[in-house]
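The following note is addressed to a colleague who is beginning to read protein structures. Please keep the sequence and the model in view while working through the numbered points.

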Amino acid sequence: MEVLLDKLHKVQDEFGFLPESEIVRIANEQGITKSELFGIITFYSRFYLQPVGKFVIRICKSLSCGINSAADVRQKVEEHLEIRNGSSKDGLFRLETVECLGHCGEGPIMTINDKIYDKLNPEKAIEIITSYQHKGEENA
Ligand code: FES
């Protein structure tokens, strides 16, 4: 299973989602049906079947982050990007509010793609996201 998940992550890293042609290719390589592979993909919330945004922002809403004002961070990010749990119109960002990201002692926690940002406050979160906006504009 670990090898299969690694393959799916590599495809998603390359395309930003899992194109059907790649799903068929991986299913054939693994000797399973496309339906079986879809079942695995849809079990994991971090795989996407269509483009969702270049930068996927996840903000933890679980208890430890919650008592450290994660809601304030989330609200500021929502206002800044003008989205709530969805993708920005420019296709640059997707915002998700999620359960524990495994860094409870350092919250509030936000991840952008695979990078972890800890001990956030609203201003720090916006500063970080603004740097990604600049990266996105440079690579547009
Ligand atoms: S509670 Fe937020 S990372 Fe665990």
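1. In which loop is the place of Pro-108? Pro-108 belongs to the loop between β3 (93–98) and β4 (110–112). The model under review is a predicted one, and in it the peptide bond from Gly-107 to Pro-108 is cis, with omega near 0 degrees. A student should locate this bond in the loop between β3 and β4 before reading further.

2. The general architecture comes next. The chain contains six helices and five strands. Their order along the sequence is α-α-α-β-α-α-β-β-β-β-α. The pattern thus opens with α-α-α and ends with β-β-β-β-α. Along its principal axes, the C-alpha trace spans about 50 × 35 × 20 Å.

3. The chain is divided into two parts, domain 1 (2–43) and domain 2 (55–138). Taken over C-alpha atoms, the centres of domain 1 and domain 2 are separated by 27 Å.

4. Two totals describe the chain as a whole. Of its 140 residues, 20% are buried. Among contacts with a separation of 6 or more, 61% are accounted for by residues 24 or more positions apart.

5. One pair of helices deserves a closer reading. How many degrees, approximately, is the angle at which α5 and α6 pack? Helix α5 (residues 70–81) and helix α6 (residues 122–138) pack at about 40 degrees, and their axes are 8 Å apart. Because of this angle, α5 is described as oblique to α6. The crossing of the two helices is right-handed. On the α5 side the contact is made by Asp-72, Val-73, Lys-76, Val-77 and His-80, while α6 contributes Pro-122, Ala-125, Ile-126 and Ile-129. By character, the residues of this contact comprise six nonpolar, one polar and two charged.

6. The loop between α3 (34–43) and β1 (55–60) can be followed through three of its residues, beginning with Phe-47. Is Phe-47 buried, partly exposed or exposed? Phe-47 counts as partly exposed because 17 C-beta neighbours lie inside 10 Å, whereas a buried residue would need 20 or more. Setting aside neighbours within four places in sequence, Phe-47 is in contact with Leu-8, Gln-12, Leu-18 and Ile-41. Phe-47 and Gln-12 are 35 residues apart along the chain, yet their C-alpha atoms are separated by 7.3 Å.

7. Leu-49 is likewise found in the loop between α3 and β1. Leu-49 has 13 other C-beta atoms within 10 Å, so it is classed as partly exposed. With neighbours within four places in sequence left aside, its contacts are Phe-17 and Leu-18. Leu-49 and Cys-104 are 55 residues apart in sequence, and the distance between them, C-alpha to C-alpha, is 29 Å.

8. Pro-51 also sits in the loop between α3 and β1. With 13 other C-beta atoms within 10 Å, Pro-51 is partly exposed. Which residues does Pro-51 contact, leaving aside its neighbours within four places in sequence? They are Gly-16, Phe-17 and Gly-91. The C-alpha atoms of Pro-51 and Gln-12 are separated by 9.6 Å, and the two residues are 39 residues apart along the chain.

9. Two residues should be examined for their backbone angles. Asn-113 has a phi near 50 degrees, which is a positive value in a residue other than glycine. Asn-113 lies in the loop between β4 and β5 (115–117). Since 13 C-beta neighbours lie inside 10 Å, Asn-113 counts as partly exposed.

10. The second of these residues is Lys-119, whose phi is positive, at about 45 degrees, although Lys-119 is not a glycine. Its place is in the loop between β5 and α6. Why does Lys-119 count as exposed? Lys-119 has 12 C-beta neighbours inside 10 Å, and a residue is exposed if the count is 12 or fewer.

Notes. Residues are numbered from 1 along each chain as its sequence is written. This is a predicted model: local features need pLDDT of at least 70, side-chain atom pairs count only at pLDDT 80 or more; totals for chains, interfaces and linings use all residues. Axes are lines fitted to C-alpha atoms, for helices over the stretch in contact, and angles run from 0 to 180 degrees between N-to-C directions. Helices (H or I, at least four residues) and strands (E, at least two) are DSSP runs, numbered from the N terminus. Angles under 35 degrees count as roughly parallel, over 145 as roughly antiparallel, 65 to 115 as roughly perpendicular and the rest as oblique. A crossing is left-handed if the near helix is turned anticlockwise from the far one by less than a right angle, and right-handed if clockwise. Two residues are in contact if their C-beta atoms, placed from the backbone, lie within 7 Å. Ala, Val, Leu, Ile, Met, Phe, Trp, Tyr, Cys and Pro count as nonpolar, Asp, Glu, Lys and Arg as charged, and the others, Gly among them, as polar. Domain bounds come from an automatic or database domain assignment.
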